[in-house]
Amino acid sequence: MTHSNNATRTRRELLIQLCKMLKEDTIEEQIDRIPLNMRPKDNQSIRCCVHKDRAVLKYKIMALLGFNIDDETDELTSLHEYLHLAKERKKLTPKVMTVVDEACSSCQQGSYNVSNMCQGCEARPCAVNCPKDAIHFVKGQAEIDHENCVNCGKCLQECPFHAIIYRPVPCEESCPVKAISKDEQGIEHIDYDKCIFCGKCMAACPYGAIMEKSHIVEIFQAWKSEKKLIALVAPSIAAQFRQSVPKIYNAIKKMGFSDVIEVAEGAEMTIKHETEEWSERMHSGCQLMTTSCCHAYTELVKKHISDLEEKVSETPTPMVYAGKMAKERYPNAVTIFIGPCTAKRHEAFFVEDIDYVLSFEELGALLVANNIEVEKMDEEINIKYAKIDAQFFAESGGVSKAIKNKAGNSINEEIINGINKASIRQLKQIAKGKTESNFIEVMSCEGGCLGGVNSLIKGKQAINVFQKNMNDIVS
Amino acid sequence: MTEEIKYKVKICTGTLCHVMGGAELPALEDHLPENLKSKVIVKGMVCENYCNETDLKPPFVLINEELMQEASIEKIIQFIQNCE
């Protein structure tokens, strides 16, 4: 399966243009022209007309400037004005994602529908098996009465002609915790009291209407200051470029980062303390401990599975440790976490030692804006790589393996590879003590951080690229 | 007996192409239909600056010597099928 689509491309194109303009200092004059240049008059429009397309782009840019679309008070506010507001902004907010209402197509509520494949057969198992008696036949064709339909899907399973189709609302369907829903106009809104910041809705929306609020304006401001910039790179970075790890780190340095610190170095600390914590808990009679490194998971527990809260490890995440190391080594520096994760942006807001977050997508856009070809970077680098067990925090199963290597075989692990409705049910059972295991590893993205929402390479390929780079690091 | 390689697909490995979707194109090898499997070879190529020197859009791919813009796995397969 491939992951590129036009919504992703549009977002990346916008990011690249913004980064270029910020880099070349032409943004003041050009920012309001981006929507016009990207959707010129003679071009075919994606929506109803070119003006709608441009409005969508404007608000996507507003999100990339770091704003909540809901915060708009005057529709006449230009991007130029938003840029100034962004530059003057002192504080970020923990609402790291925003719905671009202009882009949201207010997809019709998910429902079952009868297509023209219906043969009006004699058996009519759809109607017979409908528990709410919501299917009737009009002119020999089945019709669903949506007032009474409860979306159980029985008719779809029963129809021998596959005439019943289900049309989902992709963002709502992808959300594991029902945190996104429609207002009276059909526009989606995120309920931040429920949201675990996993980013699945962002990846699912075919209109690219859910956006992360970028920190790029802040990062360019920091670049212009006297301060040093320190990149804290998540281990999954090794899967992003099909280039060697030293080349990637050198590319980041070439952009103007004073140093690259591996978050895996922080993971070494997490491994040490989490192993000790596990042993202590088991000694004091506890039966079970779960990991705490995935922020979407810890948010899930906090907001939706409170019974599990006391089982979650209190050991800080690798990012927290790495941030601390960075501020110790470079006390006045600006620290920027670089990773594939939307939830880390939320976590970072509460971590004093992390100033900003860059997604891998944004990192890619920055490299393009700086005319840096990763391939042409130097293979030599002065760095002591973090231990391999810590690097494998990027992969589902990697945390368990690291802890097991340290604690020994008394660890009996269970791995939750991806948060979804089914695995949440499983976790609720685990909270009730229904498990044979004494160590539960949970990662929100399938495959672990290698499957992170903001990755440039995903799936099987990401695993291959990662493995190759890890082999090179070890040798 | 191995069939002769008929199609050389070269994927631009430049940063821009990579970010704009080229990152996924090497998976082409796994998506080739049976009839093409032994006829196609997939390689990387150093950025030839098509992004700056033409009005075309990334990611770029050369199939034999033919340039394709906004390449996707599906588009590449379609192109080769049409040549068959």
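This is a short selection tour of a predicted model with chains A and B.

**Stop 1: strand E12 of chain A**

Select residues 334-339 of chain A, which form strand E12. E12(A) is mostly covered, with six of its six residues buried. Now show the side chains. A:Val334, A:Ile336 and A:Ile338 point one way. A:Thr335, A:Phe337 and A:Gly339 point the other way. Residues on both faces are buried.

**Stop 2: the partners of E12**

Add strand E9 of chain A, residues 229-233. E9(A) and E12(A) pair in the parallel sense over five bridges. For a landmark, pick A:Leu232, which stands opposite A:Phe337. Then add strand E13 of chain A, residues 356-359. E13(A) runs parallel to E12(A), and four bridges join the two. Here the landmark is A:Gly339, opposite A:Ser359 of E13(A).

**Stop 3: helix H16 of chain A**

Move on to residues 360-369 of chain A, helix H16. Is H16(A) enclosed or open? 10 of its 10 residues are buried, so the helix is largely enclosed by the rest of the structure. The buried residues include two glutamates, A:Glu361 and A:Glu362. Also among them are A:Phe360, A:Leu363, A:Leu366 and A:Leu367.

What covers the buried residues of H16(A)? Select helices H1 (6-24), H10 (216-224) and H11 (245-254) of chain A, which are part of the cover. E12 and E13 of chain A, from the earlier stops, also contribute. So does H1 of chain B. Before leaving, click A:Asn371, just after H16(A). A:Asn371 takes a positive phi of about 55 degrees.

**Stop 4: chain B against chain A**

Colour by chain. 16 residues of chain B are in contact with 18 residues of chain A. Select residues 15-19 of chain B, helix H1. H1(B) gives the most to the side of chain B that touches chain A, with four residues. By class, that side of chain B has nine nonpolar, six polar and one charged residues.

**Stop 5: helices H12 and H14 of chain A**

Finish with residues 263-283 and 318-329 of chain A, helices H12 and H14. Their axes are 7 Å apart, at an angle of about 115 degrees. That angle makes H12(A) roughly perpendicular to H14(A). The crossing is right-handed. On H12(A), the contact residues include A:Val263, A:Ala267 and A:Met269. On H14(A), they include A:Pro318, A:Tyr321 and A:Met325. By class, this contact has 10 nonpolar, two polar and one charged residues.

Note on methods. Residues numbered from 1 in each chain as written. Chains lettered and ligands numbered in written order. Predicted model: local features only at pLDDT ≥ 70, side-chain atom pairs only at ≥ 80, totals over all residues. Axes fitted to C-alpha atoms, helices over the stretch in contact; angles between N-to-C directions. Parallel < 35°, antiparallel > 145°, perpendicular 65-115°, else oblique. Left-handed = near helix turned anticlockwise from the far one by under 90°. Contact = placed C-beta atoms within 7 Å. Nonpolar A, V, L, I, M, F, W, Y, C, P; charged D, E, K, R; others polar. Buried ≥ 20, exposed ≤ 12 C-beta atoms within 10 Å, placed from the backbone. Pairing = 2+ DSSP bridges.
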